[in-house]
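Open the structure in your viewer and keep the sequence panel beside it. We will go from stop to stop, selecting a few residues each time and looking at what is around them.

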Amino acid sequence: MSALPASLPQAQPPTVKLLIGGEFVESTSTEWRDVVNPATQEVLARVPFATVAEVDAAVAAAQKAFVTWRKTAIGTRARIFLKYQQLIREHMAELAALLTAEQGKTLADAEGDVFRGLEVVEHAAAIGNLQLGELANNVAGGVDTYTVLQPLGVCAGITPFNFPAMIPLWMFPMAIACGNTFVLKPSEQDPMVTMRLVELALQAGIPAGVLNVVHGGETVVNALCDHADIKAISFVGSTRVGTHVYQRATLAGKRAQCMMGAKNHAVVLPDANKEQTLNALAGAAFGAAGQRCMAVSVAVLVGQAREWIPELVAKARTLQVGAGVEAGTDVGPVVSRAARQRVEGLIERGIADGAKLELDGRQVQVRNYQEGNFIGPTIFSGVKPGQAVYDQEVFGPVLALASAETLDEAIAFVNANPNGNGVALFTQSGAAARKFQEDIDVGQVGINVPIPVPVPLFSFSGSRASKLGDLGPYGKQVVLFYTQTKTITERWFDDASVSSGVNTTISL
Ligand code: NAD
């Protein structure tokens, strides 16, 4: 059975399947929710909230597959990901179209979402170079010490709605390439592109049981956190849920890495290239309708850069709000009616809290898509800590402008915010840039780069309240996360090195 039935008009929307032991199966659950196109409200599919028995079956399948997968030759594992990256490339347009239909972002941005995940798949194909141990010769006379990085067992991943291709691809390719088996729990809001990627992964040669998928919400996530046979959990999503997952999973003795919410600042110095900076701010604040964990949601304008507000507002006005499938759209809908209400509520609170509304996107009209969850670019100035629009992650196309007299004041302002996902500085001064990257307390820093998400040669390195756990997703750090370092200290005797008696000291 395929994960996604044919999309011809049908009386009932198709159902999204579970993947257990290599089979796409219909859930027996009585609890389902609709997957809805955010531009049209069309119901695209129905997704089950799996039963605990189904979660157990997925984990059991993964546990069984681990017995052989952990011993599979590294070249065999690597070649599956070589094939997988090729299949993703060949299906790029289809994947982007699915993603836009259920998530809302523009087709070009959807391709970017798939592409940033594809880069991790390419890196997984290099696992032979990444999962190497170390050896020290003669740590004592005739004694060598070496390490091997061994897979952990069954790992699980829980992913958010905003990057339904990239974030699942942050997780299962590297976990599986390291020799683990995996249970994925995609976002229940947009699981269809994730399932298509999972189908392609099986087509690339991932054996039955090595990758499994269950759908659902709190109950399924709690069952994964508690399950005795799961060794590690990767989570990406909101701070509230991520904190819960971290606490529950670590209490059950698991490794956990949780990438969570954000409030990303851009600091703008008056010597910055004005045109480039304003373009970067508008793109990073309003692209994907602000629903990126690395979206710029606060700009701190320093000194005379405060005079750039009218030009920034004028630039934001030029952005085209519309359905992601329409050519020329810059800003698509937010993911759901509930998300739209929440964002509009925060705009109202911003006004009530005394911030100055420079641009109001609430009444935006989109021809032919009256039902869509659209909010146009919105800008507040004079924003301060203590106002909801600053203190909360809005996760919509809303940019808050604050101001500072000096770079030092701007750095102190950013460092006082609890979040540490991303930050950017716009300047032409090397000295200012160096000071900024030294003193700013945020895990990912862009210098004239608004959204500094590292490529998989590095790892995603959010910090402070944006992250729980030491090691980040993808890259070198995740190889350590998904493996146990085993250290072997070894001596071989030959006739010439026979011991001269019992030694009760700690020396080798
Ligand atoms: P979310 O926390 O609502 O959902 C994430 C996952 O948790 C989903 O799979 C969901 O089904 C599950 N979940 C939801 N409620 C739960 C509960 N009560 N108990 C257990 N599990 C639950 O997040 P979202 O709205 O899908 O995604 C947006 C959030 O994700 C934003 O805060 C954004 O900043 C964050 N995010 C962070 C990063 C990062 O790398 N730091 C990347 C992308 C998104």
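Here is a tour of a predicted model, with a selection to make at each stop.

**Before you start: colour by confidence**

Colour the protein chain by pLDDT. The chain averages 96, and 97% of the residues score at least 70. For the model as a whole, ipTM is 0.98 and pTM is 0.96.

**Stop 1: a hairpin**

Select residues 32-36, which are strand E3, and residues 43-48, which are strand E4; five bridges join the two, and they run antiparallel. Show Val-35 and look across to E4: its bridge partner there is Ala-45. The two strands form a hairpin with six residues between them. In the turn, pick out Gln-41, which has a positive phi of about 70°.

**Stop 2: helix H8**

Now select residues 218-226, helix H8. Its buried residues are Val-220, Val-221, Ala-223, Leu-224 and Cys-225. What do the buried residues of H8 pack against? Add helix H1 (52-69), strand E7 (154-158), strand E8 (181-185), strand E10 and helix H9 to the view, and you have the answer.

Thr-219 also sits in H8. This residue is classed as partly exposed because 14 other C-beta atoms lie within 10 Å, and the buried class calls for 20 or more. Draw a distance from the C-alpha of Thr-219 to that of Ala-50: the two are 169 residues apart along the chain, yet the separation is 8.7 Å.

**Stop 3: a β-α-β unit**

Select E10 (residues 230-236) and strand E11, which pair in the parallel sense over five bridges. Add helix H9 (residues 239-251), and you see E10, H9 and E11 make a right-handed β-α-β unit. E11 covers residues 255-259, and four of its five residues are buried.

Zoom in on Ile-233, which stands opposite Ala-256 in E11. Leaving aside residues up to four places away in sequence, Ile-233 touches Ala-156, Ile-158, Leu-224, Cys-225, Val-245, Ala-249, Lys-254 and Ala-256.

E11 has another partner to show: strand E21 (residues 467-468), joined to E11 by two bridges and running antiparallel to it. Here, Met-259 stands opposite Lys-467.

**Stop 4: the nonpolar cores**

Switch to side chains and select Phe-182, Val-183, Leu-224, Ile-233, Val-245 and Tyr-482. These have the most contacts inside the largest nonpolar core, which has 92 residues. Which helix gives the most to this core? Select residues 166-177 to see helix H6, which contributes ten residues. A second, separate core has 67 residues, including Ala-285, Ala-323, Tyr-369 and Ala-404.

**Stop 5: helix H10**

Select residues 274-286, helix H10. Its 13 residues reach 18 Å from first C-alpha to last, close to the 18 Å expected at 1.5 Å a residue. Colour Thr-277, Leu-278, Ala-280, Leu-281, Ala-282, Ala-284, Ala-285 and Phe-286, which are buried in this helix. To see what covers the buried residues, bring in elements including strand E12 (264-268), strand E13 (296-302), helix H11 (309-317), strand E16 (398-404) and strand E18 (423-426). Then step just past the end of H10 to Ala-288, where phi is positive, at about 55°.

**Stop 6: Asp-441, Asn-448 and Arg-464**

Select Asp-441, in the loop between helix H15 (430-439) and strand E19. Is Asp-441 buried or partly exposed? It counts as partly exposed because it has 13 C-beta neighbours inside 10 Å. Apart from residues up to four places away in sequence, Asp-441 touches Asn-415, Gly-420 and Arg-464. For a wider view, add Ala-338: it is 103 residues from Asp-441 in sequence and 33 Å from it in space, C-alpha to C-alpha.

Follow the contact to Arg-464, which is found in strand E20. Its phi is near 45°, a positive value in a residue other than glycine. With 14 other C-beta atoms within 10 Å, Arg-464 is partly exposed.

Finish at Asn-448, in the loop between E19 (445-447) and E20 (463-464). Asn-448 has a positive phi too, near 60°. It has 16 C-beta neighbours inside 10 Å, so it counts as partly exposed.

Methods. Residues are numbered from 1 along each chain as its sequence is written. This is a predicted model: local features need pLDDT of at least 70, side-chain atom pairs count only at pLDDT 80 or more; totals for chains, interfaces and linings use all residues. A residue is buried if 20 or more other C-beta atoms lie within 10 Å of its own, exposed if 12 or fewer, and partly exposed in between; C-beta atoms are placed from the backbone. Two strands pair if DSSP finds at least two bridges between them. A crossover is right-handed if, with the strands pointing away from the viewer, the path from the first strand over the helix to the second runs clockwise. A nonpolar core is a set of buried Ala, Val, Leu, Ile, Met, Phe, Trp, Tyr and Cys residues joined through C-beta atoms within 7 Å. Two residues are in contact if their C-beta atoms, placed from the backbone, lie within 7 Å. The expected span of a helix is 1.5 Å times one less than its number of residues. pLDDT is the predictor's confidence in each residue, from 0 to 100.
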